[in-house]
Amino acid sequence: MKTVIKLAFVALFALGMASAQENQGFSSSKKSSPAPKEVASSDANAPAAAQSVPEPPVDEADVYRIGIEDDLQVSVWREPELSVQVTVRPDGMITMPLLNDIKVTGLTTKELQAQLIEKLKAYVTEPQVTVIVRGIKSRKVYLMGQVTHPGAVQLNSRKTVLQLLAEVGGLGPFAKDNMYVLRTENGQSKKIPFSYKKMLKGDMKDDIVLQPGDVIVAP
């Protein structure tokens with residue numbers, strides 16, 4: 001009987017040792033496992049394109065520059081006697097009450113507004129000025145030679161030579177196919193050839209986008 005009890009005690013002891021070793025191995029394996037890395041809330045090395053902000057659309061008031069013969073409305077808030085409608089003179093000037101002659105050609109409306117505000121500070125407390133282009137007359141191109149209607153034409157939108165010729169009725173009956181556009185850039189005059197016949201055949205790659213001041217010549 002003592003022998004049986006002794007054997008049973010030894011078996012229970014061995015079983016307990018094995019269980020303890022198994023638990024220890026499990027605990028050790030948990031400690032040795034590397035902890036998962038935390039995902040950064042923001043990636044400092046993200047591509048610049050992914051972080052870029054789209055540029056705002058271009059405001060036309062920042063692009064268009066006032067020219068000779070343009071009609072302007074200048075409004076000074078709460079100062080009706082200082083508010084005027086004027087046309088830019090050939091010398092590039094307008095006349096304002098209190099301020100007399102002011103050079104405006106080449107300025108945007110925002111630049112002119114800022115200039116008038118500074119000048120009016122001597123007469124008005126915190127002046128607020130708005131400048132609106134009521135009529136664009138300074139953007140012109142000129143047709144010369146064998147065209148149906150020669151002369152100056154307003155250019156108030158994007159337009160090519162072929163589109164303009166279509167608007168004015170095309171070429172005269174004796175026009176040759178050696179047309180060209182005279183253009184002044186940086187004080188230098190250049191001649192840009194233009195083939196009317198190619199355009200009529202559908203070869204539009206050489207059509208010329210017009211710029212203010214261009215002269216279209218049809219010999």
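What follows walks through the fold, the cores and a few local features of this predicted model.

Starting with the overall picture, the protein has 5 helices and 10 strands. Of its 219 residues, 29% count as buried. Contacts across the sequence are well represented: among those with a separation of 6 or more, 50% link residues 24 or more positions apart. On the outside, about 15,400 Å² is exposed, and carbon and sulfur atoms supply 57% of that area.

Next come the nonpolar cores. The largest one has 21 residues, and those with the most contacts inside it are L143, V161, L165, M179, F194 and I216. At least two residues apiece come from β6 (140-145), α4 (161-168), β8 (179-185), β9 (188-194), α5 (196-200) and β10 (215-218). Helix α4 gives the largest share, 5 residues. A second, separate core of 20 residues includes L72, V74, L82 and V104. Back in the largest core, L143 is worth a look: leaving out residues up to four places away in sequence, L143 touches H149, P150, G151, V153, L164, L165, V168 and I216.

Helix α4 itself has a clear inside and outside. On the inside, V161, L162, L164, L165 and V168 are buried. Viewed down the helix axis, the buried residues of α4 fall within an arc of 160°, so they line one face. That buried set packs against quite a list of elements, namely β6, β7 (151-154), β8, β9, α5 and β10. The face turned away from the buried side carries A166 and E167, both exposed. Just after the helix comes G169, with a positive phi near 100°.

Helix α3 (residues 109-120) offers a polar residue to look at, Q113. With a relative accessible area of 19%, Q113 falls under the 20% cut-off and therefore counts as buried. The side chain of Q113 reaches the backbone nitrogen of V131 at 3.0 Å. Setting aside neighbours within four places in sequence, Q113 is in contact with V129, T130 and V131. These three residues belong to the stretch assigned to strand β5 (129-135).

The β3 and β4 pair makes a hairpin with 3 residues between the strands. Strand β3 covers residues 93-96 and strand β4 covers residues 100-103, and the two run antiparallel over 4 bridges. One of the bridge pairs joins M93 to K103 in β4. In the turn, L98 has a positive phi of about 75°.

Positive phi values turn up in loops as well. Most residues other than glycine have a negative phi, which makes such cases worth listing. R78, in the loop between β1 (71-76) and β2 (84-87), has a phi near 65°. At 66% relative accessibility, R78 is over the 50% cut-off and so counts as exposed. E126 sits in the loop between α3 and β5, and its phi is near 50°. E126 is exposed too, with a relative accessibility of 69%.

Technical notes: Residues numbered from 1 in each chain as written. Predicted model: local features only at pLDDT ≥ 70, side-chain atom pairs only at ≥ 80, totals over all residues. Heavy atoms only, no water. Core = buried A, V, L, I, M, F, W, Y, C linked by side-chain atoms within 4.5 Å. Buried < 20%, exposed > 50% of the residue type's maximum accessible area, 1.4 Å probe, protein only. Contact = heavy atoms within 4.5 Å. Polar contact = N/O pair within 3.5 Å; in protein donor to acceptor, adjacent residues only side chain to side chain. Arc of directions from axis to C-beta. Areas by Shrake-Rupley, 256 points an atom, 1.4 Å probe, with all protein chains shown as cover. Pairing = 2+ DSSP bridges.
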